[in-house]
Amino acid sequence: MLSFSKRILIKSLLLLPFYGRNSLAKDNDEALKFLINEFPNYKLSKDKVIRLKSPLLVDSGNYVPVEIIQFKKNNSIFFEKILLFAPKNPNPLLVSFSMTKGVSTNIKTRIRLSDSQNIILAGLVHNSIFYDYKKTDLLTPGCDV
Amino acid sequence: MNLFGKFFINLKNNHKFKLEDGVRIKMMIKHPMHTGNQYDNQGKLINKNIIQKIIIQLNSIEIFSASLGTGVSKDPFFELKIFPSESSTLKIFCEDEFNNSSEKKIELIKT
């Protein structure tokens with residue numbers, strides 16, 4: 001019989017190939033489907049132009065800090081509108097920003113989440129959408145408290 | 001009832017800025033942002049009341065606007081950077097569902 005520490009070591013070695021893999025692929029597909037349903041006339045662009053920064057785990061869904069970042073190498077792209085969605089919230093559209101060229105795209109804000117879910121960021125440029133999404137887990141939900 | 005509270009902002013009047021650095025705005029507006037799904041202590045549903053729009057103007061020209069939904073947290077907080085080309089007047093205006101409003105004016109001086 002192997003000791004406890006040896007059993008843990010063997011288990012972790014067996015799980016090593018799966019480390020860092022995306023085990024939430026289904027959720028991510030849902031995020032893409034949500035975007036396609038919301039913007040049927042727009043083309044989804046896979047280029048990484050904007051990024052969403054959000055915590056992996058938060059204590060309360062009432063205050064979830066999020067940050068929108070535009071990559072410096074793609075700084076010339078100008079977004080007509082930037083939208084944040086949380087598909088499992090009662091009202092999925094969290095906030096929409098419209099700006100002129102004199103304003104930086106890097107914006108920080110705080111949002112409310114009703115459940116652990118993907119936060120979706122969408123930046124609209126003419127007929128295409130640049131997007132990013134991040135999964136945030138909650139310990140306590142926020143919307144109806 | 002006006003639920004707007006204090007308007008916190010990191011800029012003071014006559015704020016001096018360099019053209020290449022721009023102006024970083026950090027603001028927090030005191031507002032309960034009732035979603036319409038919350039209950040008070042007596043078990044009554046609290047009516048929805050959120051800040052609907054935040055507008056930032058530079059010399060009376062709108063440069064930034066945010067349309068808020070119920071998913072924005074209580075006491076909304078925003079941080080962004082603007083790049084004015086000259087000394088100008090910054091005006092931040094916000095309005096909630098019952099047409100209560102709050103605004104702040106700041107003079108920006110180019111050095």
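**Notebook: a predicted two-chain model**

I began with Lys16(B) and looked up its contacts: leaving aside residues up to four places away in sequence, Lys16(B) touches Ile109(B) and Thr111(B). I note at the outset that the model is predicted. Lys16(B) belongs to strand β2 of chain B, which covers residues 15-17.

I then asked whether Lys16(B) is buried or exposed. Lys16(B) counts as exposed because it has 12 C-beta neighbours inside 10 Å, and the cut-off for exposed is 12 or fewer. I also took one distance from this residue: 15 Å separates the C-alpha atoms of Lys16(B) and Leu58(B), which are 42 residues apart along the chain.

**Entry on chain B as a whole**

I listed the secondary structure of chain B and found eight strands and zero helices. The order along the sequence is accordingly written β-β-β-β-β-β-β-β. Along the principal axes, the C-alpha atoms of chain B fill a box of roughly 55 × 20 × 20 Å.

I recorded the burial next: 24% of the 111 residues of chain B count as buried. For contacts in chain B between residues at least 6 apart in sequence, I noted that 58% join residues at least 24 apart. The average pLDDT of chain B is 91, and 99% of the residues score at least 70.

**Entry on strand pairing in chain B**

I followed β7(B), residues 88-96, to its partners. With strand β4 of chain B, residues 51-58, β7(B) pairs in the antiparallel sense over seven bridges. Within β7(B), Ile92(B) is the residue that stands opposite Ile56(B).

β7(B) also pairs with strand β8 of chain B, residues 101-110, in the antiparallel sense and over eight bridges. Here I found Phe93(B) opposite Glu103(B) of β8(B). The hairpin of β7(B) and β8(B) has four residues between the strands, and in this hairpin Asn99(B) takes a positive phi near 60 degrees. I also noted that Ile109(B), already listed as a contact of Lys16(B), falls within the range 101-110 given for β8(B).

**Entry on chain A**

I turned to chain A, which has two helices and nine strands. Read along the sequence, its pattern is α-α-β-β-β-β-β-β-β-β-β. Of the 145 residues in chain A, 30% are buried. I noted that residues 24 or more positions apart account for 67% of the contacts in chain A with a separation of 6 or more.

I looked up the largest nonpolar core and found that it has 49 residues. The residues with the most contacts inside this core are Leu84(A), Ile111(A), Ile120(A), Leu121(A), Ala122(A) and Tyr131(A). I took Ala122(A) from this group and checked its contacts. Not counting residues up to four places away in sequence, Ala122(A) touches Leu35(A), Leu83(A), Phe85(A), Ile129(A) and Tyr131(A). Tyr131(A) is thus listed both as a contact of Ala122(A) and among the core residues named above.

**Entry on the contact between the chains**

How many residues does each chain give to the contact? I found 26 residues from chain A and 23 residues from chain B. On the side of chain A that touches chain B, the elements that give two or more residues are β6(A), residues 93-99, and β7(A), residues 107-111. β6(A) gives the most, with seven residues. By class, this side of chain A has twelve nonpolar, ten polar and four charged residues. For the complex, the predictor gives an ipTM of 0.90 and a pTM of 0.83.

**Entry on β6(A) and its partners**

Which strand of chain B is joined to β6(A) by bridges? I found β5(B), residues 61-68, joined to β6(A) by five bridges, with the two strands running antiparallel. I looked up individual pairs across the chains: Ser98(A) has Ser65(B) as its bridge partner, and Ser96(A) has Ser67(B).

Inside chain A, β6(A) is joined by five bridges to strand β5 of chain A, residues 81-85, and these two strands also run antiparallel. In this pair I found Lys81(A) opposite Ser98(A). I therefore closed the entry on Ser98(A) with both of its partners: Lys81(A) in chain A and Ser65(B) in chain B.

Key
Residues are numbered from 1 along each chain as its sequence is written. Chains are lettered from A and ligands numbered from 1 in the order in which they are written. This is a predicted model: local features need pLDDT of at least 70, side-chain atom pairs count only at pLDDT 80 or more; totals for chains, interfaces and linings use all residues. A residue is buried if 20 or more other C-beta atoms lie within 10 Å of its own, exposed if 12 or fewer, and partly exposed in between; C-beta atoms are placed from the backbone. Two residues are in contact if their C-beta atoms, placed from the backbone, lie within 7 Å. pLDDT is the predictor's confidence in each residue, from 0 to 100. Ala, Val, Leu, Ile, Met, Phe, Trp, Tyr, Cys and Pro count as nonpolar, Asp, Glu, Lys and Arg as charged, and the others, Gly among them, as polar. Two strands pair if DSSP finds at least two bridges between them. A nonpolar core is a set of buried Ala, Val, Leu, Ile, Met, Phe, Trp, Tyr and Cys residues joined through C-beta atoms within 7 Å.
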